[in-house]
Amino acid sequence: MDSIIFDVDGTLWNSTEIIAKAWTDCVRKEYQLDMTITPEMLMSVFGQLLPDIAKKIFPRLSEDMQLEVIEACCDAEHRALLKTCAPLYKNLEYVLKELSKSYPLYIVSNCQAGYIEVFLESTGFGHYFSGHLCPGDTGMAKADNIRKIVADNGLSDPVYVGDTDGDHNACKKSGVPFIFAAYGFGQTEHPDYVIQEPEDLLKLCL
């Protein structure tokens, strides 16, 4: 192992409460949609590409409106998360600090442009990470972004830490071992490794 790549939601923090409120306020005030977006709804779709999330959250809207509304929601969530940092998983900063002494750390997430930067600014964790990619930056899905960050940084033996079956499938496609964060949002079968909390990474990787 020469590097560790992380997902964000369900792996590093749980932003669903803050985002659910921001999205609900946005769709009600800006689009007069009588709906409530819940953390559970977000947990069921996080990790997917943004247009796919829009289809599931706003199925009655046209495709163009789905994209317009979800972009407005994303702007609202960025403002909310910069104002209030989402809850971090147990001992996360200690884990990142210790891991970063031995490995370069990266983030690859299926999020919109700017979201990873919001995470890094809100938490103050930017100095622990050597780089990041998302579809909003590259137009590519997670497997391709994993391949790109590996190639761009000359990584030879990375691992990926994520919490959904989509993360696992992206790792299979990119040929990177998958560490399943069982404390997160999703489920998967036969991951390469399983952790029950972030601190388990210290036992596994150091």
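This tour moves through a predicted model, from the whole chain to the sheet, the helices around it and the cysteines.

**The whole chain**

Begin with the entire chain in view. The C-alpha trace spans about 50 × 30 × 30 Å along its principal axes. A compact globule of 206 residues would have a radius of gyration near 17 Å, and the chain agrees with this, having 17 Å. Colour by secondary structure next: the chain has 10 helices and six strands. Colouring by burial shows that 51% of the 206 residues are buried. Of the contacts between residues at least 6 apart in sequence, 63% join residues at least 24 apart.

**The sheet**

Select the six strands together. They form an open sheet with parallel pairing, in the order S3-S2-S1-S4-S5-S6. At the edges are strand S3 (131-133) and strand S6 (193-195), each of which pairs on one side only. From one strand to the next, the twist averages 25 degrees.

**Strand S1 and its two neighbours**

Now select strand S1, residues 3-6. Which residues lie on each of its faces? Ser3 and Ile5 occupy one side, Ile4 and Phe6 the other, and all of these are buried, so that both faces are covered.

Add strand S2 (residues 105-108) to the selection; three bridges join S1 to S2, and the two strands run parallel. Within this pairing, isoleucine 5 stands opposite tyrosine 106, and phenylalanine 6 stands opposite isoleucine 107.

Then turn to strand S4 (residues 158-162), which pairs with S1 in the parallel sense over four bridges. Here the bridge partner of isoleucine 5 is tyrosine 160, while that of phenylalanine 6 is valine 161.

**Strand S4 and the step to S5**

Keep S4 selected and show the side chains. Pro158, Tyr160 and Gly162 point one way, Val159 and Val161 point the other way, and all are buried. Because five of the five residues of S4 are buried, this strand is largely enclosed by the rest of the structure.

Continue across the sheet to strand S5 (residues 178-181), which is joined to S4 by three bridges and runs parallel to S4. In this pairing, valine 161 stands opposite isoleucine 179.

**A helix across the strands**

Select helix H8, residues 142-152. This helix lies across S1, S2, S3 and S4, and runs at about 155 degrees to S2.

**Helix H1 and its surroundings**

Select helix H1 (residues 16-31), a helix of 16 residues. From its first C-alpha to its last, H1 reaches 21 Å, close to the 22 Å expected at 1.5 Å a residue. Show its side chains and look for the buried residues, among them Ile18, Ile19, Trp23, Cys26, Val27 and Tyr31. What covers the buried residues of H1? The covering elements include helix H2 (39-45), helix H3 (50-57), helix H4 (63-83) and H6. Just after H1, select glutamine 32, whose phi is positive, near 55 degrees.

**The cysteines**

For the last stop, select cysteine 171 and cysteine 205 and display their sulfur atoms. How many disulfides does the structure hold? The number is zero. The sulfur of cysteine 171 has its closest cysteine sulfur in cysteine 205, and the distance of 13 Å is too far for a bond, given that a disulfide requires sulfur atoms within 2.5 Å. Seen from the other end, cysteine 205 is in no disulfide, with the sulfur of cysteine 171 as its nearest at 13 Å.

Are these two cysteines buried or exposed? Cysteine 171 counts as buried because its relative accessibility is 2%. Cysteine 205 is also buried, with a relative accessible area of 6%.

How values were computed: Residues are numbered from 1 along each chain as its sequence is written. This is a predicted model: local features need pLDDT of at least 70, side-chain atom pairs count only at pLDDT 80 or more; totals for chains, interfaces and linings use all residues. Side-chain values use heavy atoms; hydrogens and water are left out. Buried means under 20% relative accessible area, exposed over 50%, partly exposed in between (1.4 Å probe, protein chains only). Two strands pair if DSSP finds at least two bridges between them. Axes are lines fitted to C-alpha atoms, for helices over the stretch in contact, and angles run from 0 to 180 degrees between N-to-C directions. Contact means heavy atoms within 4.5 Å. The expected span of a helix is 1.5 Å times one less than its number of residues. The radius of gyration is taken over C-alpha atoms; the globule rule is 2.2 Å times the number of residues to the power 0.38.
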